[in-house]
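Here are some exercises to try with the structure open beside you. Have a go at each task before you read its worked solution.

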Amino acid sequence: MATAYLEEVNPWEAQVARSDLAAKKLKLDDGLWKILRAPSREVIVHIPVQLDDGSLETFTGFRVQHSTARGPAKGGVRYSPNVTLDETRALASWMTWKCAVVNIPFGGAAGGVICDPDRMSKRELERLTRRYTAELMELLGPEKDVLGPDINTDEQIMAWIMDTYSMHVRHTVTAVVTGKPLELGGSHGRAEATGRGLMIVCDEALKRLSMNRNQTRVVIQGFGNVGSNAARLMNRQGYKIIGVSTSRGGLFNKNGIDIDALSLYHELNGTVIGFPGAEETDSAHLLVTDCDILIPAAIENQITSLNADRMKAKILCEGANGPTTAEADDILSDKGVFVIPDILANSGGVTVSYFEWVQDRQGYFWLESMVNDQLAHTLRTSFAEVLAYTDTHDVSNRIAAYMLAINRVSYTLRQRGIYA
Ligand code: NAD
């Protein structure tokens with residue numbers, strides 16, 4: 001895919017473009033918005049790691065805490081060669097807004113390390129993770145900043161973070177991370193929560209648009225935690241998944257892909273490429289393929305001014321954070337695409353992370369059915385609240401979601417006052 005303009009694809013600029021607009025629509029006090037707009041703390045760490053061949057390497061990592069007004073900062077950790085401070089800032093502020101959209105008592109944070117996990121051994125990743133955690137010790141904790149998985153970080157990495165933190169404070173503290181293995185204080189339903197959440201909000205959108213699952217064709221970009229779980233759950237509920245892709249390419253079958261068979265193939269081969277039940281295609285092409293729902297569930301800046309006008313989906317459900325640029329928003333709006341914005345659509349992950357944190361702190365663990373019921377209740381309520389803003393203020397669903405979130409966070413800030 002050709003690259004859109006630099007200012008269009010900077011995730012921080014993309015976030016600011018939308019949140020500034022929402023703050024203006026809310027007629028928020030300028031001073032208050034200045035406080036809310038800027039991340040409250042940004043930390044850069046240089047992490048020394050001994051590689052398996054005995055040589056020393058230094059990796060750069062970030063942790064940004066955007067807001068702790070409504071509760072402890074909460075946010076993922078991303079491992080990728082493309083991590084930047086601006087991306088981490090954007091992810092941290094999206095977490096603040098996302099937690100406010102679903103009305104959970106967390107602020108927003110994000111972290112990342114510039115590294116290429118595909119070229120690192122498990123031992124090297126463990127050393128990197130432990131040292132990254134140690135460098136940030138003072139900032140972290142169940143009451144301060146709670147980490148979780150994101151691109152290329154999984155439950156094993158969460159377990160190492162939890163263990164390192166616990167070793168430093170001399171007792172086991174499970175609630176410092178979410179997305180942990182079940183045996184270490186994880187929650188039932190967390191692994192598939194983001195994908196399940198996507199299905200719940202798609203169901204709500206179908207109701208609004210008088211569509212039904214059985215006639216709904218879905219294309220999903222990304223087959224990692226978010227994309228593969230969304231594909232599996234939605235397929236079982238009757239949606240027809242006609243396209244999926246990963247960074248190595250895509251698959252298409254107009255009659256629907258057998259997602260259970262594809263998941264097994266992916267598990268055995270580490271790729272979707274070569275799967276016999278579909279034809280190969282490229283990921284960029286899938287974004288503009290004829291379908292009813294498009295779910296970008298990979299990385300930022302996939303729907304831009306360069307391809308938005310060719311997009312054919314009626315519903316864009318944003319599994320990834322920031323998959324659509326601000327310029328593309330206007331094009332989608334003119335085309336009448338029903339957008340379920342990232343800060344609502346993919347909030348199932350942080351919602352169940354909140355449930356995990358609650359369970360860890362109570363030492364009482366819920367049945368999976370309770371997790372799923374509470375998740376569905378939270379997302380349906382939030383969907384209705386966002387849509388009420390859309391209708392009342394005559395704005396897009398995205399700006400409505402930002403308005404709802406900013407309103408909630410600014411209310412808290414006003415009530416707390418400014419400590420000086
Ligand atoms: P992951 O690392 O498990 O999977 C990422 C997937 O995207 C992989 O299949 C990868 O091959 C694919 N991908 C990368 N570049 C691609 C490209 N150019 N074209 C097609 N596919 C590509 O990551 P994840 O946890 O599934 O996260 C995906 C997105 O969802 C990220 O934006 C993340 O911030 C967001 N998100 C994740 C969670 C969560 O709970 N994991 C929650 C909310 C939002």
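**Exercise 1. A loop residue with an unusual angle**

In which loop is Lys-27 found? Find its place, then look at its backbone and its exposure.

*Solution.* Keep in mind throughout that this is a predicted model.

Step 1: Lys-27 belongs to the loop that runs between helix 2 (11-25) and helix 3 (30-37).

Step 2: Check the backbone. Most residues other than glycine have a negative phi. Lys-27 is not a glycine, yet its phi is positive, near 55 degrees.

Step 3: Check the surface. The relative accessible area of Lys-27 is 73%. A residue counts as exposed over 50%, so Lys-27 is exposed.

**Exercise 2. Another positive phi**

Where is Asn-152 found, and is this residue buried, partly exposed or exposed?

*Solution.* Step 1: Asn-152 sits in the loop between strand 5 (145-149) and helix 6 (155-169).

Step 2: Its phi is positive, about 65 degrees, although Asn-152 is not a glycine.

Step 3: The relative accessibility of Asn-152 is 43%. That value falls between the 20% and 50% cut-offs, so Asn-152 counts as partly exposed.

**Exercise 3. Two domains and their contact**

Describe how the protein is divided, and then what joins the two parts.

*Solution.* Step 1: Mark the domains. Domain 1 covers 38-175 and domain 2 covers 193-336. Their C-alpha centres are 28 Å apart.

Step 2: Count the residues in the contact. Domain 1 gives 7 residues and domain 2 gives 5 residues.

Step 3: Look at the area. The two domains bury about 430 Å² between them, with 47% of it on carbon and sulfur atoms. On the side of domain 1, Trp-94, Lys-98 and Ile-151 lose the most area to domain 2, together 60% of what that side buries.

Step 4: Look at the polar side of the interface. There is 1 salt bridge across it, and 2 residue pairs are in polar contact between domain 1 and domain 2.

Step 5: Ask what the touching side of domain 1 is made of. Helix 4 (residues 85-101) supplies the largest share, 4 residues. By class, that side has 3 nonpolar, no polar and 4 charged residues.

**Exercise 4. Salt bridges along the chain**

How many salt bridges does the rule count? Work through some of them and compare where the partners lie.

*Solution.* Step 1: The count is 28 salt bridges. As a reminder of the idea, side chains of opposite charge can pair when their charged atoms come close.

Step 2: Take a pair within one helix. Arg-130 and Glu-126 meet in a salt bridge at 2.9 Å, N to O. These two are 4 residues apart in helix 5 (residues 122-135), so about one helical turn separates them. Arg-130 is partly exposed at 24% relative accessibility, whereas Glu-126 is buried at 16%.

Step 3: Take a pair from distant parts of the chain. Asp-391 and Arg-208 form a salt bridge at 3.1 Å, N to O. Asp-391 is in helix 14 (residues 368-393) and Arg-208 in helix 7 (residues 193-208), 183 residues apart. Asp-391 is exposed at 51% relative accessibility, while Arg-208 is partly exposed at 43%.

Step 4: Take a buried pair. In the salt bridge of Arg-398 with Glu-318, the closest N and O atoms are 2.8 Å apart. Arg-398 lies in helix 15 (residues 397-416) and Glu-318 in the loop between strand 11 and helix 11, so the pair ties together parts 80 residues apart in sequence. Both residues are buried.

Step 5: Follow the links outward. Arg-398 and Glu-318 belong to a network of salt bridges that also includes Arg-18, Asp-329 and Asp-342.

**Exercise 5. A residue out of sight**

Why does Thr-325 count as buried? Find its loop and its contacts too.

*Solution.* Step 1: Thr-325 lies in the loop between strand 11 (315-317) and helix 11 (326-335).

Step 2: Its relative accessible area is 0%. Buried means under 20%, so Thr-325 is buried.

Step 3: List its contacts, leaving aside neighbours within four places in sequence. Thr-325 touches Glu-8, Val-9, Arg-18, Asn-301, Ile-303, Thr-304 and Ser-305. One of these, Arg-18, is also part of the salt-bridge network from Exercise 4.

Methods
Residues are numbered from 1 along each chain as its sequence is written. This is a predicted model: local features need pLDDT of at least 70, side-chain atom pairs count only at pLDDT 80 or more; totals for chains, interfaces and linings use all residues. Side-chain values use heavy atoms; hydrogens and water are left out. Domain bounds come from an automatic or database domain assignment. Contact means heavy atoms within 4.5 Å. Buried area is the accessible area (1.4 Å probe) that two parts lose on being put together, summed over both. A salt bridge is a side-chain nitrogen of Lys or Arg within 4 Å of a carboxyl oxygen of Asp or Glu. A polar contact is a pair of N or O atoms within 3.5 Å; within protein, one must be able to donate a hydrogen and the other to accept it, and residues adjacent in sequence count only if both atoms are side-chain atoms. Ala, Val, Leu, Ile, Met, Phe, Trp, Tyr, Cys and Pro count as nonpolar, Asp, Glu, Lys and Arg as charged, and the others, Gly among them, as polar. Buried means under 20% relative accessible area, exposed over 50%, partly exposed in between (1.4 Å probe, protein chains only).
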